[in-house]
Amino acid sequence: MIPYARVAIYSCLVNLALMGIKYFLGEISGSLALKADAIHSFADVISSGAIFLGIVISARKTKIFPEGLYKVENLVALLSSFFILFAAYEIGHEALLSPSDTPIFNVQLVTIGIILIMVVAALFSRYELKVGLEVGSPSLVADARHVKTDLLSCLVILVGIISTYMGYHLDRYVALIVAVIVAQMGVQIFLEAVKVLLDATLDYATLDGIRKILESHDEVVEIISIGGRNSGRFKFVEISLTTNLKRLNEAHVVTSEIEEEILDRYPNIDKILIHYEPEHKNVEIVATPLDVKDDESPNEKSSISQHFGDAPYFAIIDRDFSLKKVSIRSYMENPFKDVDKKKGVRVAEFLFEHAVDEVRSRVDFEGKGSGYALEAMNIAIVTTSANTLGEMIKQMGRNLNS
Ligand SMILES: [Zn+2]
């Protein structure tokens, strides 16, 4: 778990504590405004919880995180919104119906209690803002600012309670104001939850745009799936693809590029998860350099060359994984064998153009330009102990079937 996700849990706990204290103070004083604000704190618990889940989910890179949790989170929010709206209605209803001179009890104790609440909220808001700015988490910063604005309603409630000293009875009016604020929060939580539950995926135009970006990269061989989902106000895109890059660090560089491209184009997306795996070819093409005398043509008895750029012929071999069969497809004459310069590199390019996946030979490529060229083109280099082409094909066949 990322360390700053803890702060969102603290926010949950602080709001939970505030809810309890406000409710208790509301009970002993008979202040409707305090009871209304207790429900407000309950709504805050729900939104802090959503922020916590958002941070945790956005940090996950794997599929292990159960998908159902997103739905549970939104379902909990939906049910809570009903409760919040109902409670706001009850408070508002009572504020309107009860006599405006209903007395407030324990004014001194409640005043101290509210001041204590304000101190706790102010300190926590400062702490949360500091962490939020440090780690660059917009949701933590927003939560901290919200806690700070809540201080204002505490202040208004306090004024309402102290006003009883001067013979005024403002508590009912304050309760009405708080009830309206709480109702607004309830509606907001309701709408967000419904939106997410009804529209679990991103719109078609966005998904199609992402598909086009993926298709514009040659390294992406196949797009297995593109999925979008929301969690609270977080938008995620999950992509599964196969790549023709065999080395994982290369694949990682390319997927990071793709991620940035998508985020640049669609700034409303918060996180992209790309799962990639190398493509599984059914048939791989293997090339082997052969020594063939001038008066002979290449065949299975031809010996495998210890040269690469100088080899007169290359055998092109199909290794079929689904049929579990190794067979010679053709023989290619080496067009560069009499060239003076860089013949090794040119032959490597020639094989690359013929979609060769692997060079199997008795050549030592160590430190040679042709070896680097093959590596750069993602052509695997394999050493064989076989002397003739026929022998090598038999070996490859045994490897394939073992
Ligand atoms: Zn609040």
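A residue counts as buried when its relative accessible area is under 20%. With that cut-off in hand, welcome to a set of close-ups of this predicted model.

**View 1. N378 and A355 have positive phi values without being glycine.** N378 sits in the loop between α10 and β9 (380-383), with phi near 65°. Its relative accessible area is 15%, so N378 is buried. A355 belongs to the loop between α9 (343-353) and β8, and its phi is near 60°. At 42% relative accessibility, A355 counts as partly exposed.

**View 2. Six helices contribute to the largest nonpolar core.** This core has 40 residues, and those with the most contacts inside it are L34, I84, I91, I114, I157 and I161. At least two core residues come from each of α1 (5-29), α2 (32-59), α3, α4 (107-135), α5 and α6. Take a moment to look around I84: leaving aside residues up to four places away in sequence, I84 touches I39, F42, A43, V182, G186 and I189. As general background, nonpolar side chains in soluble globular proteins tend to be buried together.

**View 3. A nonpolar patch lies on the surface.** Its members are L152, L155, V156, V159, Y165, M166, Y168, L170 and Y173, and together they have about 940 Å² of accessible area. Helix α5 (residues 138-162) provides the largest share of the patch, four residues. M166 is found in the loop between α5 and α6 (171-198); its relative accessible area of 55% makes M166 exposed.

**View 4. F82 and F190 form a tilted aromatic pair.** Across the whole structure, a search finds seven aromatic pairs. In the one shown here, the ring centres of F82 and F190 are 5.7 Å apart and the planes meet at 55°, so the pair is tilted. F82 lies in helix α3 (residues 68-97) and F190 in helix α6, so the pair ties together parts 108 residues apart in sequence. Both rings are partly exposed, F82 with a relative accessible area of 44% and F190 with 26%.

**View 5. F308 and F365 meet edge-to-face.** Their ring centres are 5.1 Å apart and their planes stand at 75°, so this pair is edge-to-face. F308 is in the loop between β5 (303-304) and β6 (313-320), while F365 is in the loop between β8 (358-361) and α10 (369-376), so the pair ties together parts 57 residues apart in sequence. F308 and F365 are both buried. Elsewhere, Y10, F124 and Y127 form one aromatic cluster.

**View 6. Two salt bridges each sit within one helix.** The structure has 11 salt bridges. K130 and E134 make one of them, with their closest N and O atoms 3.8 Å apart. Both lie in helix α4, four residues or about one helical turn apart, and they are exposed, E134 at 58% relative accessibility and K130 at 53%. In helix α7 (residues 204-215), D208 and K212 are likewise four residues apart, about one turn; their side chains meet at 3.0 Å, N to O. Here K212 is exposed at 51% relative accessibility, whereas D208 is partly exposed at 24%.

**View 7. Four charged residues are linked in a salt-bridge network.** Which residues take part in the network? They are E284, R319, E358 and R360. Within it, the side chains of E284 and R319 meet at 2.8 Å, N to O. This pair links distant parts of the chain, since E284 is in strand β4 (residues 283-291) and R319 in strand β6, 35 residues apart. With a relative accessibility of 8%, R319 counts as buried.

Key:
Residues numbered from 1 in each chain as written. Predicted model: local features only at pLDDT ≥ 70, side-chain atom pairs only at ≥ 80, totals over all residues. Heavy atoms only, no water. Patch = residues over 30% accessible without salt bridge, like charges linked within 9 Å, V, L, I, M, F, W, Y side chains within 5 Å. Areas by Shrake-Rupley, 256 points an atom, 1.4 Å probe, with all protein chains shown as cover. Buried < 20%, exposed > 50% of the residue type's maximum accessible area, 1.4 Å probe, protein only. Phe/Tyr/Trp six-rings, centres within 6.5 Å; stacked < 30°, edge-to-face > 60°. Core = buried A, V, L, I, M, F, W, Y, C linked by side-chain atoms within 4.5 Å. Contact = heavy atoms within 4.5 Å.
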